[in-house]
Amino acid sequence: MKDINTNLKKYIEKNILPCYDTFDHGHDSRHINAVIERALEFAKELNNPKINMNIVYTSAAYHDIGMIVARKGHAKHSHDYVLSDKGLKDFFNNEEITLIAEACEDHSTSTGRTPRSIYGKIVSDADKDNDMDISLMRAWDYSIHNFPNLTEEEHINDIHKEIVKRFGEGGSVKFYLPAEKIQSFLKQMRHYAENKEDFADAMRELLSRQQEKD
């Protein structure tokens, strides 16, 4: 696999990535950098010489750029933004730009369909956290923010219901790649979905560790 085009990186770092500083916490610079890192990692792990790393990098970098228009439907807005970005024509042909646009649109699970290309699958999987601690703490922060009057045990119960919904049998979360980190994460989350007490113990232990850091 070839390294990413230096001029392409400079173009995106100058014209695209700064936009993420203006987006909400779930779509900010920290998020986009994490998605780019995971996408490149997954692509390399696939070890497929046909995968274009420039397309992987660009698809990951642009996948949430549609937030400039609106959060609702931002995946489709990202698709349209890619097609309208004349600067990309300096680095890709029309077919490659279409692949990037489709990967951006397909990253959202709300479409209800399987991504149309390997690039869409890579970005879709990279868009989801696969770090257990980060995922559980994000769920905890969401529950605390939206249901401030619940007790600790009620928050844990609330989070577990969401884990069952997302990772239990027939759950809503879909991954497409055989990446080791993804499969390990899925296995653990499915275990938590089926074993509430194990999840509750893990959540309490994580909260204790976070309190020690604070």
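## Salt bridges and loops in a predicted model

Arg209 and Asp133 form a salt bridge, with their closest N and O atoms 3.2 Å apart. Because Arg209 lies in helix α10 (residues 196–213) and Asp133 in helix α7, this pair ties together parts that are 76 residues apart in sequence. The structure is a predicted model, and the distances and areas given here were computed from it. Side chains of opposite charge can pair when their charged atoms come close. How exposed are the two partners? Arg209 is partly exposed, with a relative accessible area of 34%, and Asp133 is also partly exposed, at 32% relative accessibility.

The count of salt bridges in the model comes to 11. One of them joins Glu105 to Arg116, where the closest N and O atoms are 3.1 Å apart. Glu105 belongs to helix α5 and Arg116 to the loop between α5 and α6, so here the parts tied together are 11 residues apart in sequence. Glu105 is buried, since its relative accessible area is 14%, and the limit for buried is under 20%. Arg116, at 42% relative accessibility, counts as partly exposed. The pair does not stand alone: salt bridges that share partners join Glu102, Glu105, Asp106 and Arg116 into one network.

Another salt bridge is formed by Asp129 and Arg38, whose closest N and O atoms are 3.6 Å apart. The two residues come from distant parts of the chain: Asp129 is in the loop between α6 and α7, Arg38 is in helix α2 (residues 29–46), and 91 residues separate them. Are these partners buried or exposed? Both Asp129 and Arg38 are buried.

Asp129 deserves a second look. Its loop runs between α6 (118–126) and α7 (132–146). Asp129 counts as buried because its relative accessibility is 17%, and buried means under 20%. Which side chain makes a polar contact with the side chain of Asp129? It is the side chain of Arg138, at 2.6 Å. If neighbours within four places in sequence are left aside, the residues in contact with Asp129 are Arg38, Ile134, Ser135, Arg138 and Phe185. Arg38, the salt-bridge partner, and Arg138, the polar-contact partner, both appear in that list.

A loop that comes before α6 in the chain holds His107, which is placed between α5 (94–106) and α6. With a relative accessibility of 4%, His107 counts as buried. The side chain of His107 makes a polar contact with the side chain of Asp64, at 3.3 Å. Again leaving aside neighbours within four places in sequence, His107 is in contact with His63, Asp64, His74, Ala75, Val123, Ser124 and Asp127.

The last stop is on the surface. Which residues form a nonpolar patch there? Tyr142, Phe147 and Leu150 do, and together they have about 290 Å² of accessible area. Phe147 sits in the loop between α7 and α8 (152–167). Phe147 is partly exposed, because its relative accessible area is 37%, which falls between the limits of 20% for buried and 50% for exposed.

Conventions:
Residues are numbered from 1 along each chain as its sequence is written. This is a predicted model: local features need pLDDT of at least 70, side-chain atom pairs count only at pLDDT 80 or more; totals for chains, interfaces and linings use all residues. Side-chain values use heavy atoms; hydrogens and water are left out. Helices (H or I, at least four residues) and strands (E, at least two) are DSSP runs, numbered from the N terminus. Buried means under 20% relative accessible area, exposed over 50%, partly exposed in between (1.4 Å probe, protein chains only). A polar contact is a pair of N or O atoms within 3.5 Å; within protein, one must be able to donate a hydrogen and the other to accept it, and residues adjacent in sequence count only if both atoms are side-chain atoms. Contact means heavy atoms within 4.5 Å. Patches are made of residues with over 30% relative accessible area and no salt bridge: like charges are joined within 9 Å, nonpolar side chains (Val, Leu, Ile, Met, Phe, Trp, Tyr) within 5 Å. Accessible areas come from the Shrake-Rupley method with a 1.4 Å probe; for residues, only the protein chains shown count as cover. A salt bridge is a side-chain nitrogen of Lys or Arg within 4 Å of a carboxyl oxygen of Asp or Glu.
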